[in-house]
Amino acid sequence: MNLYLIRHPKPDVKKGLCYGDMDVPLLEGWEVGALGLKNALSLDFSDPSNVVYHSPLSRASQLAMFLSDGHGHSIEALKELDFGHWEGLCWQDIPRQEIDLWAENIVHAAPYGGESLQVVADRVWEWWLSVRDLPMENCVVVAHSGVIKVFVSLLCQWPLAQCHRIDAGFSSVTELSVQGDFVVLKRLGAGDWVSA
């Protein structure tokens, strides 16, 4: 199976805003870039061997529905990490000692009162185990930076504590080939689908 992990387009938010599982709108005109991505994928989602799963948050679901002509499946497990009381704050306004506490144990700590990275990893992996053996030729997952970083780390058996090193920019595509437990990373956080 070909697995495509796609991050949503850039949202229309104040620079530096912490928005994990907050629902925020996309920037106006996002469809222009999405069309290039849709053409690059060139998949017929009316064919049941091509499947799109997406986060229920609008910034991901809008892209998924656009790419799949309305054939996407909303999955709660694909929501971004819940930053608790940090949600809606600018990163510069979050107390430094709370950020330091999180950084000391980025996998298990949640000083913000939301989800830890491990909680996100557990829910994403539980969902993946429930669908990975379905008869899919192409599986497209439209989600968020945190979900993609965790998912790639789990699939490639990389340390979860280092997943922050993975760059999953807006509208980027990470492509993997998955055959059971055998995983080949073909491209990571690429934006090369954009026509020059």
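Which element gives the most to the lining of the largest pocket? Helix 5 does, with three residues. Helices and strands here are DSSP runs numbered from the N terminus, helices being H or I with at least four residues and strands E with at least two.

Some ground rules. This is a predicted model, where local features need pLDDT of at least 70, side-chain atom pairs count only at pLDDT 80 or more, and totals for chains, interfaces and linings use all residues. Residues are numbered from 1 along each chain as its sequence is written, and side-chain values use heavy atoms, with hydrogens and water left out.

Back to the pocket. A pocket is an open set of points on a 1 Å grid over the protein atoms alone, where a 1.4 Å probe fits, with protein on both sides within 12 Å along at least five of seven lines; lining residues have an atom within 4 Å of a point. The largest pocket holds about 550 Å³ of space. That volume is the space filled by probe spheres set on the points, with points joined across faces, edges and corners. Its lining has 23 residues. Glu80, Phe83, Trp91, Ser145 and Lys149 lie nearest the centre.

Now helix 5 itself. Helix 5 covers residues 145–156, 12 in number. Its first and last C-alpha are 16 Å apart, close to the expected 16 Å. The expected span is 1.5 Å times one less than the number of residues. Of the 12 residues, 11 are buried. Buried means under 20% relative accessible area, exposed means over 50%, and partly exposed is in between, using a 1.4 Å probe and protein chains only. Ser145 and Lys149 are among the buried ones. The cover includes strand 1 (2–7), helix 4 (117–131), strand 4 (138–143), strand 5 and strand 6 (182–190). Right after helix 5 comes glutamine 157, with a positive phi near 60°.

Take one residue of that helix. Isoleucine 148 sits in helix 5. Isoleucine 148 is buried, at 2% relative accessible area. Leaving out residues up to four places away in sequence, isoleucine 148 touches Leu5, Ile6, Arg7, Ala168 and Thr174. Contact means heavy atoms within 4.5 Å.

That leads to threonine 174. Threonine 174 belongs to strand 5, residues 173–179. Threonine 174 is buried at 1% relative accessibility. Its side chain reaches the backbone nitrogen of glycine 189 at 2.8 Å.

Next, helix 4. Helix 4 has 15 residues and spans 21 Å, close to the 21 Å expected. Its buried residues include Trp127 and Trp128. The buried residues of helix 4 pack against strand 1, strand 2 (50–54), strand 4, helix 5 and strand 5.

On to cysteines. How many disulfides does the structure hold? Zero. A disulfide is a pair of cysteine sulfur atoms within 2.5 Å. Why is cysteine 90 not bonded to cysteine 18? The closest cysteine sulfur to that of cysteine 90 is in cysteine 18, at 9.4 Å, so the two are too far apart for a bond. Cysteine 156 is in no disulfide either, with the nearest cysteine sulfur, in cysteine 163, 12 Å away.

Last, backbone angles. Most residues other than glycine have a negative phi. Aspartate 69 has a positive phi near 55°. Aspartate 69 lies in the loop between helix 2 (58–68) and strand 3 (73–74), and is exposed at 56% relative accessibility. Serine 171 has a positive phi near 60°. Serine 171 is in the loop between helix 5 and strand 5, and is buried at 16% relative accessibility.

Methods
A polar contact is a pair of N or O atoms within 3.5 Å; within protein, one must be able to donate a hydrogen and the other to accept it, and residues adjacent in sequence count only if both atoms are side-chain atoms.
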